[in-house]
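Let's take a walk through this model together, from strands to a helix. Have the viewer open and follow along.

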Amino acid sequence: MSLRARLTLWFTAVLAIAMILFGALVYALLNGELHADVDASVENKAHDAALSVRYENQQFFVPTRVRVPESQFRAPTLYTEIRDIHGDVVWRSDTLQGSDLPASAATLASAKAGTPVIETVFQAGQAVRLYTAPILVNGRVVGYVQVGRNLADIDAALKQLRLWLVVSIVIALAAAGGGGWLLAHAALRPIDQIIQAARAIGQAQRLDRRLPTPPVADEIGHLAATFNEMLDRLEAAFVAQQRFVADASHELRTPLTTIQGNVEFLLRNPDMPAAERIEALNDVADEASRMARLVNGLLALARADAGRHLERRPVELRSIIENCFHHAQALARPRTITVELALNRLEPGARVMADPDRLGELFTILLDNAVKYNRPNGLVRLTARTEGRIHRISVSDTGRGIAPEDLPHVFERFYRSPHARSEDGTGLGLAIARWIASEHNARITVESVPDVGSTFTVTLPALEPAPLLPVS
Ligand code: ADP
């Protein structure tokens with residue numbers, strides 16, 4: 001069932017229950033009130049008559065007050081009757097037109113015992129409210145007075161009320177149902193539009209399109225705005241993905257072309273001198289290893305994009321840094337670059353929650369760059385120090401630095417500043433470094449002064465040092 005139909009149904013059902021309860025309450029109150037009025041009127045009249053009837057010498061004298069024929073206007077349906085102690089009628093009002101009010105033995109017995117009886121009886125097919133009370137003379141019951149009230153007018157009025165209530169409830173419900181349907185239709189129309197627009201965007205695969213946002217900032221407006229925000233993010237991710245694939249294929253094409261060219265050259269010239277052949281093969285080997293680095297980097301980033309997380313455990317920081325330092329020294333030696341290590345301000349036994357291989361890779365990326373982009377005879381300094389609850393590891397160099405306009409981009413995938421292109425690289429190193437840092441809840445920052453040098457700093461949350469084992 002559609003939301004529109006459900007809303008209308010609920011709305012009408014709630015209204016129906018409310019109206020039926022209200023109608024029933026009005027009817028019950030009016031019914032009670034009218035019947036209470038009738039009971040009071042017959043009782044009053046009977047008491048009045050019982051007090052005014054005179055009884056002398058076994059005879060009843062009915063005074064004019066009781067006798068006065070009931071006016072058609074005042075009480076058209078009031079009947080009065082006087083019975084003697086045996087229950088025989090001795091006087092009846094004209095309104096009875098010669099017939100008698102019913103008087104059962106039980107009613108008379110109860111009245112004789114001093115308890116007046118009020119009951120509903122049927123007189124000539126019509127309901128009559130009948131009150132039977134004893135007539136007392138000197139405390140002795142000498143007869144009975146009966147006053148009846150025809151209920152026909154009340155029943156007719158109540159019947160009319162019932163009819164009105166039913167008709168008005170049915171009309172109100174029909175109007176509410178129709179109105180509710182139109183209202184739900186109007187309220188849900190913008191949702192229909194959003195569905196159409198979203199479907200069109202999905203079918204046309206046009207992530208640059210946006211949903212129309214209604215002018216009022218209601219729930220539907222929020223829905224459209226939220227959907228548009230989601231489209232913004234989807235589009236950004238999609239564009240980034242496309243760029244990534246394009247950049248990756250571009251980067252892979254260069255080494256592939258070189259390899260292909262060299263291999264074809266070797267095949268075409270089987271008799272080439274050994275020295276040239278070795279040079280061509282060296283080229284192939286270099287490009288193959290560059291491709292391998294690129295593919296490894298791409299794989300790492302693809303895994304990161306897929307939401308893969310590193311498995312971390314408590315590890316000692318010093319040994320990781322020292323390993324990276326030795327690696328950097330080996331790399332720097334041919335370039336006559338000095339690598340220095342300063343760990344004196346690192347807390348002894350400093351530990352971090354880390355994937356040791358990946359954390360080492362992060363430091364190695366920074367050290368590789370510091371060596372790669374350094375000047376001949378330059379200096380690379382690897383420093384680690386503990387500051388309260390954090391460890392700060394810095395890699396600084398005396399290289400050519402990074403231009404201010406390049407600085408915001410160096411962590412982007414495939415970004416290489418123009419002067420870096422002379423060096424071997426993939427442009428993925430710092431992107432991978434940033435991902436590894438974020439997996440370690442660490443921050444990585446860079447400061448650089450052109451022609452003076454750069455400093456990359458990793459801020460790692462510290463882990464409590466390992467407790468000393470008791471000496472047994
Ligand atoms: P790659 O080194 O493979 O080019 P990276 O992602 O490691 O890629 O670095 C991105 C760019 O940042 C480099 O191309 C270079 O322009 C710049 N860069 C990184 N480290 C340094 C550094 N220590 N000194 C100068 N420039 C740097």
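Start at the hairpin formed by E6 and E7, where two residues lie between the strands. Here Asn138 adopts a positive phi near 50°. On either side of this turn, strand E6 (residues 126–137) and E7 run antiparallel to each other, paired over ten bridges. Keep in mind as you look that this is a predicted model.

Now follow strand E7, which spans residues 140–150. Which strand besides E6 pairs with E7? Strand E3 (residues 78–84) does, also in the antiparallel sense, over seven bridges. A handy place to see both pairings is Gly143 in E7: Ile135 stands opposite Gly143, and so does Asp84. How much of E7 is buried? Ten of its eleven residues are buried, leaving the strand mostly covered.

Next, move along the chain to helix H6, residues 274–305. Its 32 residues reach 46 Å from the first C-alpha to the last, close to the 46 Å expected at 1.5 Å a residue. If you colour H6 by accessibility, look for its buried residues, which include Ala280, Val284, Met291, Leu294 and Leu298. Glu287 and Arg290 are also among the buried residues of H6, so give those two side chains a glance as well.

What do the buried residues of H6 pack against? Their partners are helix H5 (219–268), helix H8 (356–372) and helix H9 (429–439). To finish, step just past the end of H6 to Gly307, where the backbone takes a positive phi of about 85°.

Methods: Residues are numbered from 1 along each chain as its sequence is written. This is a predicted model: local features need pLDDT of at least 70, side-chain atom pairs count only at pLDDT 80 or more; totals for chains, interfaces and linings use all residues. Side-chain values use heavy atoms; hydrogens and water are left out. Helices (H or I, at least four residues) and strands (E, at least two) are DSSP runs, numbered from the N terminus. The expected span of a helix is 1.5 Å times one less than its number of residues. Buried means under 20% relative accessible area, exposed over 50%, partly exposed in between (1.4 Å probe, protein chains only). Contact means heavy atoms within 4.5 Å. Two strands pair if DSSP finds at least two bridges between them.
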